[in-house]
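Me: I have just opened this structure and do not know it yet. Could you take me through it, a few questions at a time?

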Protein chains: 2
Amino acid sequence: MADVDSQAGFAYSGLFAADLPAPAGRWEGFPPHYFIGGNNDPTLIPTGALAEAAATVLAREGANLAIYNMGHGPQGFPGLRDFVAAKLRRRRGIDCTGDDVLITSGSGQGIDMVCRMLAAPGDTILVEGFSYGGAITRFRKLGLKIVGMPLDADGIRMDALETILAGLAAQGITPRFLYTIPTIQNPTGSILPLDRRHRLLALALQYGVPVFEDECYSDLLWGEEAPPALYALAPSQVIHIGSFSKSLAPALRVGYFVADWSVLSRAIALKSDGGTGALDQMVIAEYFSAHYTAHIERLTAELEDKLEVMEEALRREFGAAVETFRPKGGIFLWLKLPDNVDVRKLIAPAAAAGLVFNAGPEWSCDAEAAKSYLRLCFAMPSREGIEDGVRVLARVCFEQTGIPVRSANVENAR
Amino acid sequence: MADVDSQAGFAYSGLFAADLPAPAGRWEGFPPHYFIGGNNDPTLIPTGALAEAAATVLAREGANLAIYNMGHGPQGFPGLRDFVAAKLRRRRGIDCTGDDVLITSGSGQGIDMVCRMLAAPGDTILVEGFSYGGAITRFRKLGLKIVGMPLDADGIRMDALETILAGLAAQGITPRFLYTIPTIQNPTGSILPLDRRHRLLALALQYGVPVFEDECYSDLLWGEEAPPALYALAPSQVIHIGSFSKSLAPALRVGYFVADWSVLSRAIALKSDGGTGALDQMVIAEYFSAHYTAHIERLTAELEDKLEVMEEALRREFGAAVETFRPKGGIFLWLKLPDNVDVRKLIAPAAAAGLVFNAGPEWSCDAEAAKSYLRLCFAMPSREGIEDGVRVLARVCFEQTGIPVRSANVENAR
């Protein structure tokens, strides 16, 4: 029985499941120098055009809001599925229709679905050596054994992948899936070349490993040079997910999941949330069906410019002490400080100075291997905010480690 | 290793987790006589006013869509939390602020959260003898032992509850929570009187059982006669959830969760979906902050009128063979056919005739006890659709069971 304290009322503390995450704290807002999270640029949200899109689609189909999934079943708003299919065909070489698309409540729901359908605690999966922290956290929570695939400047090294697969096979282990972000890899920003894509698919097929392709950032290419999606090259062996968080707005919780019906029908059966928010879906479909290309051109131009502001600030503040990995699109920059800097030791002093960043160890299958790396997101802060933040980071780093040798905050060494 | 069929490509079938739900079928649309699901009346969706609300709130706060949770943290859009708090204060006697509210992606997410934080497979919970099928299904999937609380026309019988709690205590069992829908009980439509509310809370406190109050339908009262919410009477021992699915639109996936911070902080930590769709939240907040009362008056008047159409059709088609439990609000009617009718045997022939209904056994802790009951939802169909559907139901029932003795479809006996 629970303790009852007549003063405090009912005491839940003894009743909670033992394996709950720690309770949330009260929300305290963002610190001034906020370089984490997949946020976008607030000045580029087309609020007027979204309002027009809302008015149009509500007038045309709003009555259907009275019905779960607008009466269209659990795969999502047909107009949005059709848009996704058309976009994937045009931009990613994928031959599909709206019938092959499941709209998800953010791409994280897609990651959860794949884990649920293909993996159980103790199972082995393959993940890029540096990868999306949110996915790594999910995989770890589920008790999956993560084997990191070594990366170079072009993404997964195929020689290393072959060695890993052969080694696991020798132990009788078939990885439950291979999770990859081939197009604007998170966090390194690379794009896997076409020959490696073919080789990856051949190896995965040879060893019987489903490929799980996360293309959350592929809308945000600086150029048009990316090879076709893995799914485009081998639809039957790839599960493909994407999102509107990066191309439009992360507060709209809309992603998508594309796969062979044998897989898609399993994902649909796992979607127990009663559908993804309809207004979010309707407005994205209506706005992007007319304005996608122009929106993406405007957005990527601004993002690339902000990236240059960040790179310039890093050069100014850190000089040769920083190695940056210029991404081929997206909203984040991966960078490396000298080997003797452990970024984990910068977290607390940076927070005290009002600055948060993604520490490399949280974005790596092997924490130690990324101890001198960090990820900085540049989409949300203003140009001035980027410059101020990099200055604060350099000062904190200098105070803690003596690197950069003399911070520009203190005295510019160059 | 997975089988590889060069014709069919990659074979996932051997790779799926063994405990997955059955794969979904292709969506085939609604049958003509659709009496299930918490849908609302499409003619009462205020599409123009929602478009105005969208324009206003996008102009004012739309730029924040670029940021996860619009930069307001995981509890949800502040304007909506404030509206929920004000509504609960005014209509349900609850003393709370927006800080006590967590916006959820539908109230089902709240049910999942409570199960996750308080119960584990094999644990015992208390549920009204007849209850919400979606909750019962979730509880069963989790392997919870469901003990049904007997109901009468006013809801849970307190003498029976006391006996159950004492009996469980004698076995050393403390139920992990007591799930109740006290205000417009689903499916019976009753409202628990004030004296029973006090007694329920006293018993729950005495036996150390948290109370989980689901008020999804409390917006849709025909009158204003409901006593205060259980949460209003004992905030420290009650977890309260509600929804906008019934008061506005179920395709908008927005519910709420109100509880003491010791519980709310646990729920927030379990909300791993990156937030609830922002546009859905913003538009509900903006529209309802100005129009809630008028909307609810218009909606409940229409719903009560449709209920009368359904009751009249049932009387006409079934005569004395049907017993209806007139709800005090909401969107569904619970009814009973003679004891020798097993509604499970009507499901297939009804489906063949294009009609679906909620069979009592799926809305009952004890399937056999509800074998002659069914639930019909009346909000979505038109008046003519209600009359047509009840006629089809009577014909199917007559053909299968000889009841009603002579269906009005065949020859009106009255």
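**Chains, helices and backbone**

Reply: Chain A and chain B bury about 7400 Å² between them, with 64% of that area on carbon and sulfur atoms. Please keep in mind that this is a predicted model.

Me: How many residues does the contact take from chain A and from chain B?
Reply: The contact takes 91 residues from chain A and 91 residues from chain B.

Me: Which three residues supply more than any other three of the area that chain A buries against chain B?
Reply: They are A:Tyr12, A:Arg26 and A:Tyr68, which supply 10% of the area that chain A buries against chain B.

Me: And how many salt bridges are found across the interface?
Reply: The rule finds two salt bridges across the interface of chain A and chain B. A salt bridge joins the side chains of B:Asp19 and A:Arg116, with a distance of 3.1 Å from N to O.

Me: Let us turn to the helices. How do H1(A) and H1(B) pack?
Reply: Helix H1 of chain A (residues 47–61) and helix H1 of chain B (residues 47–61) have axes 9 Å apart and pack at an angle of about 175°. Angles over 145 degrees count as roughly antiparallel, so H1(A) and H1(B) are roughly antiparallel to each other.

Me: Which residues meet there, in H1(A) and H1(B)?
Reply: From H1(A) come A:Thr47, A:Leu50, A:Ala51, A:Ala54, A:Ala55 and A:Leu58, and they meet B:Thr47, B:Leu50, B:Ala51, B:Ala54, B:Ala55 and B:Leu58 in H1(B). By class, the contact of H1(A) with H1(B) has ten nonpolar residues, two polar and no charged.

Me: What about a pair inside chain A: at what angle do H9 and H11 cross?
Reply: Helix H9 (residues 278–318) and helix H11 (residues 383–401) of chain A cross at roughly 30°, and their axes come within 9 Å. That angle makes H9(A) roughly parallel to H11(A). The crossing of H9(A) and H11(A) is right-handed.

Me: How do the residues of that contact of H9(A) with H11(A) divide by class?
Reply: The contact of H9(A) with H11(A) has ten nonpolar residues, no polar ones and eight charged. Among the residues that meet are A:Glu302, A:Asp305 and A:Lys306 in H9(A), and A:Arg383, A:Glu387 and A:Arg391 in H11(A).

Me: In chain B, is the crossing of H2(B) and H9(B) left-handed or right-handed?
Reply: H2(B) passes H9(B) in a left-handed crossing. The contact of H2(B) with H9(B) has seven nonpolar, four polar and three charged residues.

Me: And what is the angle between H2 and H9 of chain B?
Reply: Helix H2 (residues 78–92) and helix H9 (residues 278–318) of chain B cross at roughly 25°, with axes that come within 8 Å. H2(B) is therefore roughly parallel to H9(B).

Me: Now the backbone. Which residues does a cis peptide bond join?
Reply: A cis peptide bond joins A:Asn186 and A:Pro187, with omega about 15°. A:Pro187 lies in the loop between strand E9 (178–180) and helix H6 (194–207) of chain A. A:Ile403 and A:Pro404 are also joined by a cis peptide bond, with omega about -5°, and A:Pro404 is in the segment after H11 of chain A.

Me: Last one: where is A:Asn69, and what is its phi?
Reply: A:Asn69 is in the loop between H1 and helix H2 (78–92) of chain A. Phi of A:Asn69 is near 55°, a positive value in a residue other than glycine.

Key:
Residues numbered from 1 in each chain as written. Chains lettered and ligands numbered in written order. Predicted model: local features only at pLDDT ≥ 70, side-chain atom pairs only at ≥ 80, totals over all residues. Heavy atoms only, no water. Axes fitted to C-alpha atoms, helices over the stretch in contact; angles between N-to-C directions. Helix = DSSP H or I, 4+ residues; strand = E, 2+ residues; numbered from the N terminus. Parallel < 35°, antiparallel > 145°, perpendicular 65-115°, else oblique. Left-handed = near helix turned anticlockwise from the far one by under 90°. Nonpolar A, V, L, I, M, F, W, Y, C, P; charged D, E, K, R; others polar. Contact = heavy atoms within 4.5 Å. Buried area = accessible area lost by both parts, 1.4 Å probe. Salt bridge = Lys/Arg side-chain N within 4 Å of Asp/Glu carboxyl O.
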